[in-house]
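I opened the notebook to record what I looked up in this model, one topic at a time.

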Amino acid sequence: MLVGTDVGVGAEPVIRRVLSGKDPALERARAEGLQVLEGRYTVSKYLGDGSDPAQLFEVVESAPNLFLTAGINQVLLLACGQSATAYSAANARLCVGDGTTAAAAGQTDLTGTNKFRQIVDAAPVISNNQVTFTATFGQANSNWNWREVGVANAASGGQMWSRTVVDLGTKVSSATWVLQWSLSIQ
């Protein structure tokens, strides 16, 4: 289900938030005093080449994503000081594709015909029980319908930490899209 506000052409971008059955469950868990691990993707869409706020025309936030078994195991290895490839500025990639296969915990990659892994813009930002990864997809790449997104720790192969299937729209070569993945424990 989609919710959002269309303020028309002008100074304010269209904001869309994709909701799922997970959203009420997360709210109930928080109301019961449980800590919740939640990951969401957000794409900010800009006209032209760059991320000038005056050129922002739409922001879409996904429903909560699914954490993948191989990625969770990778994070647990890192947390326990064992040998594993970190999701660092040197390795982390935000991934986009056109696949529509439902997310499943055993998946290790995107499923679409078109897919691309963009290295993150900088080191992940950690603050207030949340980590945020950001990657910019310029005019020259990933120009197709974005229907799946994920985060991985390598340009190919490696371990995919999460994946979600959501129709974020069709990126065209006259636009720059900035994808963020935020993981929070609240």
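Entry 1, a single threonine. I began with Thr164 and listed its contacts, leaving out residues up to four places away in sequence: Thr164 touches Tyr41, Ser62, Ala63, Pro64, Asn65, Arg147, Glu148 and Val149. The model is a predicted one, and I kept that in mind throughout. Thr164 is found in strand E11. Is Thr164 buried or exposed? I noted a relative accessible area of 7% for Thr164, and because buried means under 20%, Thr164 counts as buried.

Entry 2, the nonpolar cores. I then turned to the largest nonpolar core, which has 27 residues, and asked which members touch the most others; these are Leu94, Phe133, Trp146, Trp161, Leu179 and Trp181. Two or more residues of this core come from each of the strands E3 (37-47), E6 (93-97), E9 (130-137), E10 (145-152), E11 (160-170) and E12 (175-185). Of these, E12 gives the largest share, five residues. I also found a second, separate core of five residues, among them Cys95, Leu110, Ala152 and Met160.

For Trp146 I wrote out the contacts, again not counting residues up to four places away in sequence: Val43, Val96, Gly97, Phe137, Val166, Asp167, Leu168, Gly169, Lys171, Trp177 and Leu179.

Entry 3, the largest pocket. I looked up the space in the largest pocket, which comes to about 190 Å³. Its lining consists of Arg30, Glu38, Gly39, Arg40, Thr42, Glu61, Gln130, Thr132, Gln180, Ser182 and Ser184. When I sorted these lining residues by type, I counted seven polar, four charged and no nonpolar ones. Strands E3, E9 and E12 each supply at least two residues of the lining, and E3 gives the most, with four.

Entry 4, the helix H1. Which residues of helix H1 (residues 22-31) are buried? I found Asp23, Leu26 and Ala29. They lie on the same side of H1, because they cover an arc of only 125° around the axis. I set beside this the general point that an α-helix has 3.6 residues a turn, so residues three or four places apart point the same way. The face of H1 turned away from the buried side carries the exposed residues Arg28 and Ala31. What covers the buried residues of H1 includes strand E2 (14-18) and E3. Finally, I noted that Gly33 follows H1 and has a positive phi, near 85°.

Conventions:
Residues numbered from 1 in each chain as written. Predicted model: local features only at pLDDT ≥ 70, side-chain atom pairs only at ≥ 80, totals over all residues. Heavy atoms only, no water. Core = buried A, V, L, I, M, F, W, Y, C linked by side-chain atoms within 4.5 Å. Buried < 20%, exposed > 50% of the residue type's maximum accessible area, 1.4 Å probe, protein only. Contact = heavy atoms within 4.5 Å. 1 Å grid on protein atoms, 1.4 Å probe; cavity = no way out; pocket = protein on both sides within 12 Å on 5 of 7 lines; lining within 4 Å. Points joined across faces, edges and corners; volume = space filled by probe spheres on them. Nonpolar A, V, L, I, M, F, W, Y, C, P; charged D, E, K, R; others polar. Arc of directions from axis to C-beta.
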